[in-house]
Amino acid sequence: MTVYERIRNLREDRDLKQKDLAGLLSIGQTTYSDYELGKLGIPISVLVQLAEYYGTSIDYLVGLTDVETPYPRRKQRE
């Protein structure tokens, strides 16, 4: 499964519209649609936002793993 299919499936599984995600990402709906269609590469910053929003890892989004659960976060230094 490609990153484009993954982000579309995650969105559809949550009954969200493309404009909902576009608003979250502060981009146009057409740009988000182009991400899902594979017409545009998805910037890393957008992948990070999507992974955080969906509670998964970038590895899952890009198809390196089929495990949706994100990795444990590194502890912040004080």
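User: In this predicted model, which residue follows helix α2, and what is the sign of its phi?

Analyst: The residue after α2 is S26, and its phi is positive, near 60 degrees.

User: Which residues of α2 itself are buried?

Analyst: A general idea helps here. An α-helix has 3.6 residues a turn, so residues three or four places apart point the same way. In helix α2, which spans residues 18-25, the buried residues are Q18, L21, A22 and L25. These residues lie on the same side of α2, because their arc around the axis is only 105 degrees. K19 and G23, on the other side of the helix, are exposed.

User: Against which helices do the buried residues of α2 pack?

Analyst: They pack against α1 (3-13), α3 (29-37) and α4.

User: How should one read the nonpolar core, and which of its residues touch the most other members?

Analyst: In soluble globular proteins, nonpolar side chains tend to be buried together. Here the largest nonpolar core has 17 residues, and those touching the most other members are I7, Y32, I42, L50, Y54 and L61. Two or more residues each come from α1, α2, α3, α4 and α5 (58-61). Helix α4 gives the largest share, five residues. I7 illustrates the packing: beyond its neighbours within four places in sequence, I7 contacts Y32, Y35, E36, I42, L50, Y54 and L61.

User: Is Y53 buried, partly exposed or exposed?

Analyst: Y53, located in helix α4 (residues 44-54), has a relative accessible area of 41% and is therefore partly exposed. Leaving out residues up to four places away in sequence, Y53 touches L16, L21 and L24. Y53 and L21 are 32 residues apart in sequence, yet their C-alpha atoms are 9.6 Å apart in space.

Technical notes. Residues are numbered from 1 along each chain as its sequence is written. This is a predicted model: local features need pLDDT of at least 70, side-chain atom pairs count only at pLDDT 80 or more; totals for chains, interfaces and linings use all residues. Side-chain values use heavy atoms; hydrogens and water are left out. Helices (H or I, at least four residues) and strands (E, at least two) are DSSP runs, numbered from the N terminus. Buried means under 20% relative accessible area, exposed over 50%, partly exposed in between (1.4 Å probe, protein chains only). Contact means heavy atoms within 4.5 Å. The arc is that of the directions from the helix axis to the C-beta atoms. A nonpolar core is a set of buried Ala, Val, Leu, Ile, Met, Phe, Trp, Tyr and Cys residues joined through side-chain atoms within 4.5 Å.
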